[in-house]
Amino acid sequence: MHEDMIVSVDMDASPARLSGAAIKPSLAGCDRDGLAAALTSVGVPARALKMRIEQLWHWIYHRGVSDFLAMSNVAKDLRVALANAFSLARPPVAVRQVSVDGTRKWLLRLPGRFAGEVGHDIECVYIPEEGRGTLCVSSQVGCTLTCSFCHTGTQKLVRNLTAAEIVTQVMVARDDLLDWPGLVAGDEAIVPRDGGRYITNIVFMGMGEPLYNLDAVSEAMATISDGEGLSIGRRRITVSTSGVVPMIPRLGADTGAMLAISLHATTDEVRDRLVPLNRKYPIAELLAACAAYPGASNARRITYEYVMLKDVNDSPEDARRLLRLLDGMPAKINLIPFNPWPGTLHQCSDWPTIERFSEIIFAGGYASPVRTPRGRDILAACGQLRSETAKLKIADRHQPVSATSLS
Ligand code: SAH
Ligand code: SF4
């Protein structure tokens, strides 16, 4: 680990602590229907609901408060009634890591869904860049798909996140970045000092396959993009899929999100091995769904992700085949250096090979940015924090601490 990285581990973020019966239900992440139900349960009459919902919405999603008592324009009695019945708690951060390049990663501990079930860990990564800040969120615990280069796919436990669990990832990140109106960020601030927001973009590129959890993803997106609240517009939200073809039209119709496709190969033979879902939905069907995606014009080009794997998909012929496959389609091609994990059989392509690949794509008329590896010192790539945490848990089992520096 790098000397300058900051790690804090909350050994008390235990599932046992989280599953206690005394814990009040949290309204953080709720949509307006959820707020209506909560308000009704504490006695708010139907005629006052609309106004009260808008008040709560503003405090929860625009201001980011986590205490009902701070909602100064809400009647005092109602604030107290809400505080007695509910909380605005976010999932606890079990591990927080800050990279030397400003990338931040949070491991959030979600409670089990039923009595006796252990808690689940999910991760969420913030990547600051010049003029923008991207939050990478998870849509599932683990993933049912088993792409050969992806560590998330090796995790046995899988469940869909709820919409609230997706929304609270954004809230936790905003809390930690002090990215709510009126808060002043400290010296570690990386992005806008001009009054702009830290998190400007969201990508569903964390753990899980978002199109296998589309109901929750689109409900979460409605809350995240709501202009009276978190206010991150739909065109700044990108959903990445390994290619669940039948769900692509619905994603477009229901959410208007930007689309990213994990293509990674130029023949069905190779893609069958890398992304096993290809056996069900081969490349031609996938690209036909992309061509029909609403708004797939130049302004809203689809991104094709291509992980560079040594001697697997990185030849000049692959680059030329990729150009032929995308011929005539507005596209961005994102070359991703493979991020290795313990036990993987893949290697990242050599740098000159990646450069040559990129040049061929560029000469073919497409931008082909190579995704700069970010947060390497904190393993800020898919599914990697969990494995580090598993090691930490074993190492620290007998010496509970509330915060520790592991550098
Ligand atoms: N399930 C979705 C979204 C999550 S994965 C999907 O597959 O698109 C987000 C991106 O990270 C995908 O393009 C995925 O292929 C890529 N990825 C996964 N493991 C990786 C690794 N070890 N190195 C580099 N990219 C990886
Ligand atoms: Fe799942 Fe995406 Fe990883 Fe494939 S790359 S195993 S679809 S998370």
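Me: Is W106 buried or exposed?

Reply: Burial is read from relative accessible area, and the cut-off for a buried residue is under 20%. In this predicted model, W106 counts as buried because its relative accessibility is 1%. The residue belongs to strand β3, which covers residues 104-110.

Me: Which residue twelve places from W106 in sequence can be used to look at distance in space?

Reply: One compares separation along the chain with the distance between C-alpha atoms. For W106 and A94, twelve residues apart in sequence, that distance is 7.5 Å.

Me: What can be said of L110, also in strand β3?

Reply: L110 counts as buried, because its relative accessibility is 1%. Once neighbours within four places in sequence are set aside, the contacts of L110 are P91, G119, H120, I122, R159, L161 and E165. One of these contacts, L161, is 51 residues away along the chain, and the C-alpha atoms of L110 and L161 are 9.4 Å apart.

Me: How should I read a nonpolar core, and which residues touch the most other members of the largest one?

Reply: In soluble globular proteins, nonpolar side chains tend to be buried together. Here the largest nonpolar core holds 105 residues, and L135, I202, I224 and Y304 touch the most other members. This core lies between domain 1 (27-85) and domain 2 (93-406), because both domains give residues to it.

Me: Which residues, beyond its close neighbours in sequence, is I224 in contact with?

Reply: With neighbours within four places in sequence left aside, I224 is in contact with I166, V167, V170, I202, L230, S231, I232 and I237. There is also a second core, separate from the largest one, with five residues; among them are V125, V203, M205 and A260.

Me: S231 appears among those contacts. What is notable about its phi angle?

Reply: The sign of phi is the feature to read here. S231 has a positive phi of about 60°, although it is not a glycine. S231 is found in the loop between α6 (214-225) and β9 (237-241). Its relative accessible area is 41%, so S231 is partly exposed.

Me: Where does D311 lie, and what is its phi?

Reply: D311 also has a positive phi of about 60° and is not a glycine. The loop that holds D311 runs between β11 (302-308) and α10 (316-325). The cut-off for an exposed residue is over 50%, so D311, at 68% relative accessibility, counts as exposed.

Me: How is A81 to be read, buried, exposed or partly exposed?

Reply: A81 is partly exposed, because its relative accessible area is 24%. Helix α4, residues 76-85, contains A81. Twelve residues along the chain from A81 is L69, and their C-alpha atoms are separated by 9.9 Å.

Me: Which residues surround ligand 2?

Reply: A ligand site can be read first by its residues and then by their classes. Ligand 2 is surrounded by C143, L145, C147, C150, G153, G208, E209 and S242. By class, four residues of this shell are nonpolar, three are polar and one is charged.

Me: How many helices and strands does the protein have, and what percentage of its residues count as buried?

Reply: These totals describe the whole chain. The protein has twelve helices and twelve strands. It has 407 residues, of which 52% count as buried. The exposed area is about 18000 Å², and carbon and sulfur atoms supply 55% of that area.

Me: What percentage of contacts join residues at least 24 apart?

Reply: Sequence separation is again the key. Among contacts between residues at least 6 apart in sequence, 67% join residues at least 24 apart.

Methods:
Residues are numbered from 1 along each chain as its sequence is written. Chains are lettered from A and ligands numbered from 1 in the order in which they are written. This is a predicted model: local features need pLDDT of at least 70, side-chain atom pairs count only at pLDDT 80 or more; totals for chains, interfaces and linings use all residues. Side-chain values use heavy atoms; hydrogens and water are left out. A nonpolar core is a set of buried Ala, Val, Leu, Ile, Met, Phe, Trp, Tyr and Cys residues joined through side-chain atoms within 4.5 Å. Buried means under 20% relative accessible area, exposed over 50%, partly exposed in between (1.4 Å probe, protein chains only). Domain bounds come from an automatic or database domain assignment. Contact means heavy atoms within 4.5 Å. A residue is near a molecule or strand if one of its heavy atoms lies within 4 Å of it. Ala, Val, Leu, Ile, Met, Phe, Trp, Tyr, Cys and Pro count as nonpolar, Asp, Glu, Lys and Arg as charged, and the others, Gly among them, as polar. Helices (H or I, at least four residues) and strands (E, at least two) are DSSP runs, numbered from the N terminus. Accessible areas come from the Shrake-Rupley method with a 1.4 Å probe; for residues, only the protein chains shown count as cover.
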